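Reader: I'm new to this structure and would like a close look at one part of it. Could you walk me through the aromatic rings and what sits around them?

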Amino acid sequence: MKSKTLALITAALITAAALVLTAGLSLLNTSAIDESTAVSAADNATPGTELADGAPAEEVVPEEIVPEEVVPEEVIPEIPEFVPEEAPEIPEEAPVYPDFEYTVGDPRDVYVGGGEHVDKGVVIDVYSHKTGKLVGQLAFTSEEITRYISSLMREEFKPENELWIEKDISCVALPEGDYRIEVYAGTWFSYTYGESGIFELTQCTLTFSGGEKLTGYIDYLIADLIANIEAGNVEAPDPEMAVSKLEYGGLEGYWEGYYNEVCNMYIPGAGRWCERFPYIEE
């Protein structure tokens with residue numbers, strides 16, 4: 001009897017222990033599920049709302065993504081080829097000529113004929129290249145102008161600059177232009193008005209290169225005369241007053257030959273070697 005009672009008590013204790021263990025496992029599982037649900041709800045909750053337990057949801061700040069710095073490849077600029085600029089042309093300044101006092105007069109006061117003349121004056125005869133006629137004349141007395149023209153001739157005349165040497169070839173005439181200027185000032189020469197760089201020794205009719213200052217100075221002296229001729233304000237002079245007739249008679253200003261002290265050379269004059277008026281219009 002005692003033995004049976006002991007067996008019943010033992011069985012009852014085992015059963016009770018099993019019930020207690022089962023209940024404990026059940027509570028533990030329930031707690032785990034609730035916690036998992038709470039975490040999930042907290043993760044998915046909209047900031048500012050309350051969770052099921054009344055606690056406010058925490059605001060989730062997304063992690064700032066800093067873009068990786070991209071270092072561009074080094075670019076070597078293309079260096080253009082250096083082309084030196086052409087230096088601008090600087091125009092030459094016009095020469096400044098001296099102004100001398102003079103008295104306008106009659107060409108006969110300077111050239112008296114028969115080869116006699118006074119080295120105190122200058123006569124400038126202006127011919128039309130198109131007609132060959134004397135269209136203007138300027139005669140004045142001035143020792144200073146006479147000496148200055150002679151000094152320019154000495155400075156610029158070079159015998160080696162003769163443009164025509166052989167008689168059996170065509171002569172190099174003065175450039176074409178409106179006016180042929182014949183200058184008598186102790187030194188005798190001719191040129192085309194406005195065309196520097198070539199002049200003719202009137203006696204021998206040979207042309208030479210150079211003489212820019214020489215011809216430029218005469219252009220300066222007769223600029224007003226030329227303007228008045230072109231404006232029709234000048235009456236053509238008596239052709240017999242041209243120095244080529246007044247001084248040298250029938251030779252028309254071209255001697256048979258003489259030694260020119262200014263040019264330091266003998267100047268022949270066997271007729272005309274270059275035409276006096278190669279541009280006459282028929």
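Author: Here is a walk through the rings, followed by some charged pairs. This is a predicted model, where local features need pLDDT of at least 70 and side-chain atom pairs count only at pLDDT 80 or more, while totals for chains, interfaces and linings use all residues. Residues are numbered from 1 along each chain as its sequence is written, and side-chain values use heavy atoms, with hydrogens and water left out.

Rings of Phe, Tyr and Trp (its six-membered ring) pair if their centres lie within 6.5 Å; planes under 30 degrees apart count as stacked, over 60 as edge-to-face and the rest as tilted. The whole structure holds 12 aromatic pairs. Take tyrosine 217 and tyrosine 220: their ring centres are 6.3 Å apart and their planes sit at 25 degrees, so this pair is stacked. They're three residues apart in helix α3 (residues 212–230), about one helical turn; helices here are DSSP runs (H or I, at least four residues), numbered from the N terminus. Tyrosine 217 is buried at 0% relative accessibility, whereas tyrosine 220 is partly exposed at 36% (buried is under 20% relative accessible area, exposed over 50%, partly exposed in between, with a 1.4 Å probe and protein chains only). Ring pairs also link Tyr97, Phe100, Tyr148, Tyr217 and Tyr220 into a cluster.

Helix α3 has a charged link too. Lysine 213 and glutamate 155 meet in a salt bridge, 2.9 Å from N to O (a side-chain nitrogen of Lys or Arg within 4 Å of a carboxyl oxygen of Asp or Glu). Lysine 213 lies in helix α3 and glutamate 155 in helix α2, so the pair ties together parts 58 residues apart in sequence.

Terms used:
Helices (H or I, at least four residues) and strands (E, at least two) are DSSP runs, numbered from the N terminus.
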